[in-house]
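Dear colleague,

Here is the structure I promised to pass on. My notes on it follow below.

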Amino acid sequence: MTSKLKPETLAKADEIIALYPERRSATLPLLHLAQEDHGWICHEIIEWVAEKVGTTPMEVLGVATFYPMFHRQPIGKRHIRVCRTLSCALRGAYHTMEALEKEFGIQRGETAADGSVSLEFVECIASCGTGPVVHVDHELHEEITPERVKELADNIRATLSDPEYGKKEFVPGTAAWKG
Ligand code: FES
C-alpha cells in the first residue's frame with residue numbers, strides 16, 4: 001500500500017493488472033501510472049509496484065533506472081526537454097538550450113529552486129524535420145529557435161497559474177494552451 005497515490009490511481013492500477021495474464025507484465029504501465037500521479041518514482045512507489053505485480057523492489061528498481069523517462073528525483077511542475085539528436089542539433093538545438101537556460105536561470109539537468117521547471121536534453125522525439133523541437137510535459141513545440149524561446153518561456157510561465165493547464169486537448173505541433 002502507498003499513501004503517495006490518489007485513490008483513483010490505485011483503482012486504475014488494479015484495472016491495468018487485470019489486463020495481463022502475468023502480473024509482472026504490468027510493471028512498466030504501473031510505473032508510468034504512478035509517475036503521472038506523483039511526478040517521480042520514490043522508493044515507496046518502487047515497493048508498492050513490487051507488491052502489486054508480485055516481484056521484488058530490486059527488480060522494479062532495475063526497470064525504473066533502466067528507462068530514462070522515469071524520474072528518480074522530484075522534477076519541476078513543467079518538464080522542458082530539448083531534442084539534441086543530429087537533425088535538431090544541426091538546426092540549432094544547443095543554442096535553443098542555451099537560451100532556455102538563460103530564460104529560467106538554470107542549467108540543463110537542473111530544476112529551478114522554486115520547483116517551477118526542469119530542463120534537460122533528450123534524444124530524438126520523432127519530429128526531425130521541424131527542429132529544434134522542445135517537449136513541455138506532453139506537448140510538442142516545433143522550430144523553437146533561440147528567437148522563439150522568450151515566447152515559449154512566457155507561455156510556460158503562464159501555465160503555472162492556469163488551472164486549466166493539462167485539461168486541454170493536445171494537438172500535435174501546436175501550442176495547445178493557446179487553442
Ligand atoms: S532529431 Fe530531433 S526530433 Fe529527431
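**An aromatic cluster, helix H6 and the whole chain**

Tyr67 is partly exposed, with a relative accessible area of 29%. Please keep in mind that this is a predicted model.

The ring of Tyr67 pairs with the ring of Phe70: the centres are 6.4 Å apart and the planes stand at 85°, so this pair is edge-to-face. Tyr67 also pairs with Phe66, again edge-to-face, at 4.9 Å centre to centre and with 85° between the planes. Through these ring pairs Phe66, Tyr67 and Phe70 are linked into a cluster. The structure holds 3 aromatic pairs.

How exposed or buried are the two partners of Tyr67? Phe66 has a relative accessibility of 62%, and because exposed means over 50%, Phe66 counts as exposed. Phe70 has a relative accessibility of 5%; buried means under 20%, so Phe70 counts as buried. The cluster therefore includes an exposed ring residue, Phe66, a partly exposed one, Tyr67, and a buried one, Phe70.

The other element I looked at is helix H6. H6 runs over residues 93–104, which makes 12 residues. From its first C-alpha to its last H6 reaches 16 Å, close to the 16 Å expected at 1.5 Å a residue.

Which residues of H6 are buried? They are Ala93, Thr96, Met97, Ala99, Leu100, Glu101 and Phe104. An α-helix has 3.6 residues a turn, so residues three or four places apart point the same way. The cover over the buried residues of H6 includes three strands, S1 (78–83), S2 (117–122) and S3 (134–136). Helices H5 (86–90) and H7 (146–159) are also among the elements that cover them. Just after H6 comes Gly105, with a positive phi of about 70°.

As for the chain as a whole, the secondary structure comes to 7 helices and 4 strands. Along the sequence they follow the pattern α-α-α-α-β-α-α-β-β-β-α. The C-alpha trace spans about 50 × 35 × 30 Å along its principal axes.

Of the 179 residues in the protein chain, 41% are buried. Among contacts with a separation of 6 or more, 60% are between residues 24 or more positions apart. The accessible surface is about 9,900 Å², and carbon and sulfur atoms account for 55% of that surface. The chain carries 20 positive and 27 negative charges, and the mean positions of the two sets are 2 Å apart.

Regards

Note on methods. Residues are numbered from 1 along each chain as its sequence is written. This is a predicted model: local features need pLDDT of at least 70, side-chain atom pairs count only at pLDDT 80 or more; totals for chains, interfaces and linings use all residues. Side-chain values use heavy atoms; hydrogens and water are left out. Helices (H or I, at least four residues) and strands (E, at least two) are DSSP runs, numbered from the N terminus. The expected span of a helix is 1.5 Å times one less than its number of residues. Buried means under 20% relative accessible area, exposed over 50%, partly exposed in between (1.4 Å probe, protein chains only). Contact means heavy atoms within 4.5 Å. Accessible areas come from the Shrake-Rupley method with a 1.4 Å probe; for residues, only the protein chains shown count as cover. Lys and Arg count as positive and Asp and Glu as negative; His and the chain ends are not counted. The place of a charge is taken as NZ of Lys, CZ of Arg, CG of Asp or CD of Glu. Rings of Phe, Tyr and Trp (its six-membered ring) pair if their centres lie within 6.5 Å; planes under 30 degrees apart count as stacked, over 60 as edge-to-face and the rest as tilted.
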